[in-house]
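Me: I would like to go through this model one point at a time. Please keep the answers short.

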Amino acid sequence: MSGLPRIWLLLGHRRGDNNQLLALGEALGLPFETRTLAYRRSARLIMRLLPSSIAHLTAASRATLGPPWPDLVIGIGRRSVPVARWIKAMSGDKAGIVRLGHPRAPSNWFDLVLTTPQYPVPEAPGVVTLPLALNRFRDPPAPTHDEQTLLDSLPRPHVLLSLGGTAPMWRLDLEQLDGALAKMLRSTKREGGTLLVAPSPRTPVDAINRVSEAIANAPNARLLGPDVRYPVAVADADEHVVTADSVSMISEAIVTGKPVGLIPVRRDLRGRLRLGGDPEGNALRDPRRFWRHVEALGLAGTVDAPRKGHVPDPLAIAVAEVRRRFALLFD
């Protein structure tokens with residue numbers, strides 16, 4: 001085709017999802033535009049009644065969708081599926097659709113589905129299962145002078161504890177977290193180094209308070225805030241410990257090539273009722289599939305026995321698949 005293709009990324013309110021979309025958009029090496037979608041409170045009902053419309057979007061979001069239509073639209077999450085299909089229809093069926101994650105829709109609705117092992121997406125010609133979630137910070141930002149000064153002042157090795165929080169059907173296990181903290185504090189006290197703790201926006205206040213109390217009198221531990229950006233802390237760490245609720249955080253730790261240990265999380269009541277005992281026996285997103293995957297490949301271990309291993313770059317795989325399937329756009 002003549003000229004550069006027009007690429008749209010359909011962003012939402014979840015930072016992890018948006019970072020995966022932006023990672024792919026940036027790695028494609030072409031200009032792209034973003035459309036941030038917001039949904040009406042009755043979005044689920046409207047999607048059932050009008051599955052091919054954009055009536056479940058707020059008026060402000062609908063107003064951002066108009067010609068010139070994209071050649072390629074990339075999205076993630078169930079609620080943006082009707083939006084992508086509507087855009088394709090409005091473009092005269094010219095726009096290609098790439099979906100990340102688990103669209104919870106027939107794969108033949110899309111040109112390419114890039115998924116990861118926690119999702120039960122059936123094998124199909126247009127489905128590619130990536131080994132890890134896409135990581136926007138493979139090349140982390142350079143530390144600022146203040147960030148570098150702070151990190152240099154803390155004895156090495158640096159062990160980074162990345163705290164997640166509430167996820168669909170999963171919760172932090174505070175007893176597991178307490179036990180992991182105690183082990184890491186004993187280890188850094190005995191062997192030297194510093195325990196750095198990075199909470200996320202999803203981390204419950206009670207978990208942050210428990211961590212703060214546990215490390216309050218430990219000279220070898222520090223709770224990170226805005227003084228060190230998370231991608232900088234991830235790149236700096238010599239070892240990673242991650243609460244297992246977040247596939248994105250686990251993936252970000254693994255791609256550093258440093259040892260990774262996971263802290264188990266627990267199912268909430270809804271998770272116990274819907275997920276059952278065997279992750280292969282349900283048709284829902286289940287992070288236990290992902291834990292089995294990384295453990296089987298030797299990419300992650302436990303707090304007591306962290307592991308590291310090599311895995312193909314998921315972003316490179318994703319870019320290659322997009323360029324192969326939409327070759328005419330990238331000529």
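Me: Is Asn-282 buried or exposed?
Reply: This is a predicted model, in which local features need pLDDT of at least 70, side-chain atom pairs count only at pLDDT 80 or more, and totals for chains, interfaces and linings use all residues. Residues are numbered from 1 along each chain as its sequence is written, and side-chain values use heavy atoms, with hydrogens and water left out. Buried means under 20% relative accessible area, exposed over 50%, and partly exposed in between, with a 1.4 Å probe and protein chains only. The relative accessibility of Asn-282 is 11%, so Asn-282 is buried.

Me: Which backbone nitrogen does the side chain of Asn-282 reach?
Reply: Asn-282 sits in the loop between helix H10 (269-275) and helix H11 (287-296); helices (H or I, at least four residues) and strands (E, at least two) are DSSP runs, numbered from the N terminus. Its side chain reaches the backbone oxygen of Pro-279 at 3.4 Å. At 3.0 Å, the side chain of Asn-282 also reaches the backbone nitrogen of Leu-284.

Me: Which residues does Asn-135 contact, leaving aside its neighbours within four places in sequence?
Reply: Asn-135 is in the loop between strand S6 (127-129) and helix H5 (145-153), and is buried at a relative accessible area of 5%. Contact means heavy atoms within 4.5 Å. With those neighbours left aside, the contacts of Asn-135 are Ala-23, Glu-252, Val-255 and Leu-315.

Me: Why is one side of S2 and of S6 left without a neighbour in the sheet?
Reply: Two strands pair if DSSP finds at least two bridges between them. The open sheet has 6 strands in the order S2-S1-S3-S4-S5-S6, with parallel pairing. One side of S2 (33-36) and of S6 lacks a neighbour because these strands stand at the edges, each with a single partner strand.

Me: Which residue in S2 is the bridge partner of Leu-11?
Reply: Strand S1 (residues 7-11) runs parallel to S2, and 4 bridges join them. For Leu-11, the bridge partner in S2 is Thr-36.

Me: Which helix gives the largest share of the largest nonpolar core?
Reply: A nonpolar core is a set of buried Ala, Val, Leu, Ile, Met, Phe, Trp, Tyr and Cys residues joined through side-chain atoms within 4.5 Å. The largest one has 43 residues, and Met-184 is among those with the most contacts inside it. The largest share of this core, 6 residues, comes from helix H6 (residues 174-191).

Note on methods: Polar contact = N/O pair within 3.5 Å; in protein donor to acceptor, adjacent residues only side chain to side chain.
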